Amino acid sequence: MRMIFVNLPVKDLKASRAFFSSLGFTFNEQFSDDTAACMVIDDNIFAMLLTEPKFRSFIVGEISDTARTTEVITALSAGSRAECDEMFDKAIAAGGKPWKPAIDYGSMYGVSFQDLDGHVWEFMWMDMSAQQG
């Protein structure tokens, strides 16, 4: 079994935990402390929210300036178009910023926002039966 850990630098760990908690995510306290929070996305998918000093200890070079560049787009699947909109609304209410307009291709729909640190998140829904060829 493989697992994925997306590591993201954050300026204010407490604020980031509150932001993602308001979106419905939980945290694995076994892998969290004052410098890191292990956000559970799914059974084998996690986002490690790391204070900037902690993040720096893992990298070579500088932390990306999300005000000037896009470092990555973290796209998560959603069960419906409504769930995409719900997650977007929660993110904006919690202090996130809209990123790009929603995309709507009929059988594929998605929304995107930036979290408190400018990291881009997308929630995407696809009608898999329409994708069958």
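Start by selecting L23, G24, F25, I41, D42, I45, L76, S77, E83, M87 and F123, which line the largest pocket of this predicted model. A pocket is here an open set of points, on a 1 Å grid over the protein atoms alone, with protein on both sides within 12 Å along at least five of seven lines, and lining residues have an atom within 4 Å of a point. About 160 Å³ of space lies in this pocket, a volume being the space filled by probe spheres set on grid points that are joined across faces, edges and corners. Rolling a probe the size of a water molecule over the atoms shows where empty space is left. If you colour by secondary structure, β3 (36-42), β5 (73-77) and α3 (81-93) each supply at least two residues of the lining; helices (H or I, at least four residues) and strands (E, at least two) are DSSP runs, numbered from the N terminus.

Before moving on, note that the model is predicted, that local features need pLDDT of at least 70 and side-chain atom pairs count only at pLDDT 80 or more, while totals for chains, interfaces and linings use all residues. Residues are numbered from 1 along each chain as its sequence is written, and side-chain values use heavy atoms, with hydrogens and water left out.

Keep D42 from the pocket lining selected and add V10, which is found in strand β1. The C-alpha atoms of V10 and D42 are 21 Å apart, with their positions 32 residues apart along the chain. V10 is buried, at a relative accessible area of 2%, where buried means under 20%, exposed over 50% and partly exposed in between (1.4 Å probe, protein chains only).

Next, turn to the charged side chains. Side chains of opposite charge can pair when their charged atoms come close. With a salt bridge taken as a side-chain nitrogen of Lys or Arg within 4 Å of a carboxyl oxygen of Asp or Glu, the count comes to five.

- Select K11 and E52, whose closest N and O atoms are 2.9 Å apart in a salt bridge. This pair links distant parts of the chain, with K11 in the loop between β1 and α1 (13-22) and E52 in helix α2 (residues 52-56), 41 residues apart. K11 is exposed at 66% relative accessible area, whereas E52 is buried at 19%.
- Select E29 and R17, which form a salt bridge with the closest N and O atoms 2.4 Å apart. E29 sits in the loop between β2 (26-28) and β3, and R17 in helix α1, twelve residues apart. E29 is partly exposed at 46% relative accessibility, and R17 is partly exposed at 22%.
- Select R81 and D104, whose side chains meet in a salt bridge at 2.7 Å, N to O. R81 belongs to helix α3 and D104 to strand β7 (residues 103-104), 23 residues apart.

Now go to M1, in the segment before β1 (4-10), and add M3 and F5: together these residues form a nonpolar patch on the surface, with about 380 Å² of accessible area. Patches are made of residues with over 30% relative accessible area and no salt bridge, like charges being joined within 9 Å and nonpolar side chains (Val, Leu, Ile, Met, Phe, Trp, Tyr) within 5 Å. Accessible areas come from the Shrake-Rupley method with a 1.4 Å probe, and for residues only the protein chains shown count as cover. M1 is itself exposed, at 82%.

Finally, select residues 2-126, where UniProt places the feature "domain: VOC" in an unreviewed entry; such annotations may be inferred rather than shown by experiment. The end C-alpha atoms of this span lie 24 Å apart, and the span is 22% helix and 38% strand.

Note on methods
On a 1 Å grid over the protein atoms alone, a cavity is a set of points where a 1.4 Å probe fits but cannot get out, and a pocket is an open set with protein on both sides within 12 Å along at least five of seven lines; lining residues have an atom within 4 Å of a point.
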